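Please look at how the two chains meet in this model. The questions below take the contact step by step.

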Amino acid sequence: MNETAEPAQMAAMPAGHRRTDPLSFAVNGVTQLTRMAVPLAIGAVTIFNDGELGKLLLIAPMVLGVLGVSFLIAWLRWLRLTYVAGASDIRVESGIVSRAARSVPYERIQDVSLEQKLIPRLFGLVELRFETGAGGKDELKLAYLSRDEGEALRRLVRARRTGEAVVDAGGAVDEADEDADEQAQVLFAMDRQRLTTFGLFEFSLAVFAVLGGAAQYAESFMGIEMWDPDLWRRLFALQEEWILGLGPMAQVLGAVVAVLTLLVIGSATGLARTFLRDWGFILERTSRGFRRRRGLLTRTDVVMPLHRVQAVSISTGIVRGRFGWKSLSFVSLAQDSGSSSHVVAPFAQDEELEPIIRIAGFAPPADGLDWHRASTRYRFDGIALKSGAFLLAAIPVALFAPTPFVIVPLALAAGSAAANLYAWRFRRHALGGGQIISASGLLAPRTQIAQRVKLQSVEIAQGPIARRRGYATLHLGLAGGTFTIRGIALERARALSDAVLASIAERDFSELT
Amino acid sequence: MENDPASGPVGTDDALTSLHPNHVKVLRIKAALAAIPFVIASLVLEGTDRLPPGLVFGPVALLALLAIVRVPLRRHHARGYAMGDDRLRVVRGILLRSDSVVPFGRVQHIDVNQGPLERYYGLAALTVHTAGTHNASVHLPGLEQGLARAMREEIRAHIRRETL
């Protein structure tokens, strides 16, 4: 195989390799010139203002030198950048000293876009971008080609991909979609009563953080010293006399009123935020996939194609979970908004979530699943590390503070150990029906369900402690999200990894998107 | 050093292929380049005569020696890969061990990169990109350049075969 590989150092271009348009070197040069224009102009003005023309004789060659070098580099770059549109992939090789060769198989190219910025447009050049599933930053691009060549390359890529029916069918559906939208089936909607309940569970004292921020603002801009002890002492002296004067009944009453005020403010904040975000929440199933609309002031309308859903996540809180309220979100190759997971049912009961999960092609966790827990050694190490920190803190407290204070870090250590021990019971995972399911969390329980066939890669990671103690963390490559199972026995990690890899091998990525 | 527990594979016990011996040289040169500023700085400190002689330079030189001689060898032994029928497995890390498997059917695109040092020693790094957020790109350095290209061709051929 080594014989067929092309030689590393390419002085001359091998057959089939092509360079970008020679003018692109000029475009790069001009682009750099425009970038340098402002500093040059400023430099020129200051020199002429100072009237020291003698300096110009010194500076002019320097500027010319810098320009020359940057043009030389641009030219070398152009010389060393070649591309080949081969039988099965597009390949770009570049680099003056370091060499980089990127190969993108036609099957993986989702779209080819032509982009024209101002300066390349003056020269009649285009930039070609090849979009693959691999997120925005690591795309392949070719700058610059002549317009005809760009179009030709785009046609070529599209022609090479025609065997792939799945992607092309997507376009056809898009056009048929307009009239099909009317038969949308409502999957989930929230009325005002549901929203109100939801808002009350979203109880938040965030407003006090805002007030704190405002206070800090007042401090720095209005000259009120928040941390000045005298200010507070005077204030409290005033209040104290007043409070003492009221008698014990009134003091208790005051405390009750204060707590009630907090409750009202917290609930009002939660309600306001929920109403603003989720007003008129409606999730529908259309021919294009899931469609979600929500919002009071800014109304958003998001469409998620069914096949783009990579995993589903069910989360709840410790209090709302007791009442059976759960939130469902989809992890997807989100290209429509900033966040990668979409909430599709923020506040719903299990029986409402089930049909949505099924339509997305997933199965809700069944009763007969073979649940596995994390390794007990992981539990021990985790508790030892977290409580150990508190125990360490107890030493200086015991030495320097009055004796009763030692109880505080000791109690914290015991509390943390108990909480972790209890939380461990909720950390579990299972395989079942082509899915992998992972659940964790005590305060905010969360269950993630992924289809094994839709995962991208598998990694078993071990830190120094984990290696000695025989457990590992399993990272599963999920498009648009993360799927991690921590602290499982190494054998179990291998078994999961084998199961996932066996499922992945059944289908190619291009059949999934 | 071959029997070092750190160099044992994390995942399944398939035989791992180790990287090209020149990889150690490249790692050593890179470590040496990174150590130079520290050694120079410690020498400068030494020259000021404010501290007892050797107090700074001694430890720095020792650390530099360790980083140049021992660490690259350990890193080299900790790394390995296995090219399966339908997947690439990459094992790496001394302290933080990781064992990644990328099925060919999930590879988005493939890079073969060579820095100046790698070119001098005839090495190349293979990087496969996936659509996942975690392990978006799995990096395998220290391959003989012809081999890196051959591996790229194999992975690419596999993608094509699976799709057709």
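The following questions and answers concern the interface in this predicted model.

Q: How many residues does each chain bring to the contact?
A: Residues count here when heavy atoms lie within 4.5 Å. By that rule the contact draws on both chains, with 53 residues from chain B and 58 residues from chain A.

Q: What area is buried between chain B and chain A?
A: The size of an interface is often given as the accessible area lost when the parts come together. Carbon and sulfur atoms give 47% of the area here, and the total is about 4,700 Å².

Q: Which residues of chain B lose the most area to chain A?
A: Three residues together make up 16% of what the chain B side buries. They are R106(B), Q108(B) and R119(B).

Q: Which residue of chain A forms a salt bridge with R156(B)?
A: Three salt bridges are found across the interface of chain B and chain A. In the one formed by R156(B), the closest N and O atoms are 3.3 Å apart, and the partner is D89(A).

Q: Which element gives the largest share of the side of chain B that touches chain A?
A: Several elements of chain B each supply at least two residues to that side, among them β2 (87-92), β4 (107-114) and α4 (145-163). The largest share is 12 residues, and this comes from α4(B).

Q: Which residue in β3(B) is the bridge partner of V458(A)?
A: Strand β19 (residues 458-462) of chain A and β3(B) run antiparallel, joined by five bridges. For V458(A), the bridge partner in β3(B) is V101(B).

Technical notes: Residues are numbered from 1 along each chain as its sequence is written. Chains are lettered from A and ligands numbered from 1 in the order in which they are written. This is a predicted model: local features need pLDDT of at least 70, side-chain atom pairs count only at pLDDT 80 or more; totals for chains, interfaces and linings use all residues. Side-chain values use heavy atoms; hydrogens and water are left out. Buried area is the accessible area (1.4 Å probe) that two parts lose on being put together, summed over both. A salt bridge is a side-chain nitrogen of Lys or Arg within 4 Å of a carboxyl oxygen of Asp or Glu. Helices (H or I, at least four residues) and strands (E, at least two) are DSSP runs, numbered from the N terminus. Two strands pair if DSSP finds at least two bridges between them.
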